[in-house]
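Reader: I am new to this structure and would be grateful for a close look at a single part of it. Could you please describe how two of its helices pack, and then turn to individual residues?

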Amino acid sequence: MKLLLLYTTHEHQTEKIMKRIQFQLGSTIECDLIQLHKNSSIKLSDYKAVIIGTSIRYGYYDKLIKTFIDNHYEELNQILTGFFGVNLVARKAHKNTPETNLYTKKFLSKIQWKPTIKAVFAGALYYPTYNWFDRNMIRFIMWLGKGDTDITQAEIEYTDWNKVDEFAAQFKGLLVK
């Protein structure tokens with residue numbers, strides 16, 4: 001049996017995090033790394049375990065992930081699972097856990113799936129790649145949250161890679177039991 005690493009992403013930070021998790025799990029664990037799309041057909045019975053990752057966009061996790069979870073929560077609740085959310089609020093120490101991050105807490109309270117383990121990781125800013133509207137909206141949101149607003153920087157990464165590695169190690173420990 002394999003491990004499913006399922007994610008959605010906007011600027012590829014969630015994908016980058018998921019690839020890091022895949023690397024940390026090691027070559028002895030066979031993984032399918034899949035970006036969820038509208039027409040994705042995924043057969044959960046092919047997997048021993050699942051990790052799902054998604055990011056915030058204007059205050060909400062991706063609807064595709066929510067729909068997938070709503071359609072498969074019974075199966076997900078029967079196997080080893082992990083969930084992680086990615087958002088810029090998690091760059092703050094007091095908002096970087098599933099219990100203290102408002103977006104993740106709210107999302108997890110609205111679904112029937114109960115992940116075995118869960119985490120929240122800070123994302124990244126890619127100001128130069130955003131369109132005019134997104135760049136200005138995200139800059140405004142960052143200004144409100146006392147974050148980085150310099151749109152000339154190529155990438156501002158907040159992801160705590162040690163925290164990502166700890167999540168992967170915890171999941172791997174549960175997987176090999």
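Author: The following account takes up a pair of helices and then two residues located in other helices. The model is predicted. The pair consists of helix α1, residues 13–25, and helix α5, residues 161–175, whose axes come within 9 Å and cross at roughly 50 degrees. Two packed helices are described by the angle between their axes and the distance between the axes. An angle that is neither under 35 degrees nor over 145, and not from 65 to 115, counts as oblique, and α1 and α5 are therefore oblique to each other. Their crossing is right-handed.

On the side of α1, the contact is made by Gln13, Lys16, Ile17, Arg20, Ile21, Gln24 and Leu25; on the side of α5, by Trp161, Val164, Asp165, Phe167, Ala168 and Lys172. Of the residues in this contact, seven are nonpolar, four are charged and two are polar.

The first of the two residues is Thr104, which lies in helix α3, residues 102–109. Thr104 counts as buried, because its relative accessibility is 0% and buried means under 20%. Its side chain forms a polar contact of 2.6 Å with the side chain of Tyr61. Beyond its neighbours within four places in sequence, Thr104 touches Tyr61, Phe83, Asn87, Pro98 and Val120.

The second is Asp134, in helix α4, residues 132–144. With a relative accessibility of 10%, Asp134 also counts as buried. A polar contact of 2.5 Å links the side chains of Asp134 and Tyr58. Setting aside neighbours within four places in sequence, Asp134 is in contact with Arg57, Tyr58 and Arg139.

Key
Residues numbered from 1 in each chain as written. Predicted model: local features only at pLDDT ≥ 70, side-chain atom pairs only at ≥ 80, totals over all residues. Heavy atoms only, no water. Helix = DSSP H or I, 4+ residues; strand = E, 2+ residues; numbered from the N terminus. Buried < 20%, exposed > 50% of the residue type's maximum accessible area, 1.4 Å probe, protein only. Polar contact = N/O pair within 3.5 Å; in protein donor to acceptor, adjacent residues only side chain to side chain. Contact = heavy atoms within 4.5 Å. Axes fitted to C-alpha atoms, helices over the stretch in contact; angles between N-to-C directions. Left-handed = near helix turned anticlockwise from the far one by under 90°. Nonpolar A, V, L, I, M, F, W, Y, C, P; charged D, E, K, R; others polar.
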